[in-house]
Amino acid sequence: MKRKYIFLAIAILGLCYTWYYNILFFMEHNNADIFYFFEVAQSNLAGKSFGADLTVVVLAFFVWYIPDARKLKVKYWWILIPLTFLVAIAFAFPMYLFMREHRLEQINANNS
């Protein structure tokens, strides 16, 4: 199996795994909005630790991925910026790796 399809499967897993719990949260809290979601997520030290961890991961991802995508001329790379926040970094990061692998295959095919 090509590595890019493994990245695609991980992206789908990241989408489903995170949003399964997001949907359960919003079903459990009938009047919840996104601000309440973040308030609850930051309501204890464990949640704050996860939030800090994800913030650093997202920053490192953007510092690496934006110049990398521009250098390789990956199509539609910019869509992952809002999707990182609207879906999850668990989706956006492996999705970029899928897109990157696809682009590298195209470059290698053109050089052959």
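In which loop is tyrosine 76 found? In this predicted model, tyrosine 76 lies in the loop between helix 3 and helix 4, and a description of the overall fold helps to place that loop before its residues are considered in turn.

The chain contains five helices and zero strands, so that, read from the N terminus, its elements follow the order α-α-α-α-α. The radius of gyration of the chain is 17 Å, whereas a compact globule of 112 residues would have a value near 13 Å. Along the principal axes, the C-alpha trace spans about 55 × 25 × 20 Å. Of the 112 residues in the chain, 29% are buried, and the accessible surface comes to about 8100 Å², with 68% of that area belonging to carbon and sulfur atoms. When contacts between residues at least 6 apart in sequence are considered, 61% of them join residues at least 24 apart. With regard to charge, the chain carries 10 positive and 7 negative charges, and the mean positions of these two groups are 18 Å apart.

Two charged residues of helix 5 were examined in particular. Glutamate 101 is found in this helix, which covers residues 89-111, and it counts as buried because its relative accessible area, 13%, falls under the 20% cut-off. Leaving aside residues up to four places away in sequence, glutamate 101 touches Arg3, Lys4 and Phe7. Arginine 103 is likewise placed in helix 5, and this residue is buried yet has no salt bridge. The nearest side chain of opposite charge to arginine 103 is that of aspartate 68, at a distance of 9.9 Å, whereas a salt bridge would require a side-chain nitrogen within 4 Å of a carboxyl oxygen. With residues up to four places away in sequence again excluded, arginine 103 touches Leu72, Lys73 and Val74.

One of these partners, lysine 73, belongs to the loop between helix 3 (45-72) and helix 4 (80-86). Lysine 73 has a positive phi of about 60°, although it is not a glycine, and it counts as exposed because its relative accessibility of 61% is over the 50% cut-off. Tyrosine 76, found in the loop between helix 3 and helix 4, has a positive phi of about 60° and is not a glycine. With a relative accessible area of 56%, tyrosine 76 is exposed.

Notes:
Residues numbered from 1 in each chain as written. Predicted model: local features only at pLDDT ≥ 70, side-chain atom pairs only at ≥ 80, totals over all residues. Heavy atoms only, no water. Helix = DSSP H or I, 4+ residues; strand = E, 2+ residues; numbered from the N terminus. Rg over C-alpha atoms; globule rule 2.2 N^0.38 Å. Buried < 20%, exposed > 50% of the residue type's maximum accessible area, 1.4 Å probe, protein only. Contact = heavy atoms within 4.5 Å. Areas by Shrake-Rupley, 256 points an atom, 1.4 Å probe, with all protein chains shown as cover. Lys, Arg positive; Asp, Glu negative; His and termini not counted. Charge placed at Lys NZ, Arg CZ, Asp CG, Glu CD.
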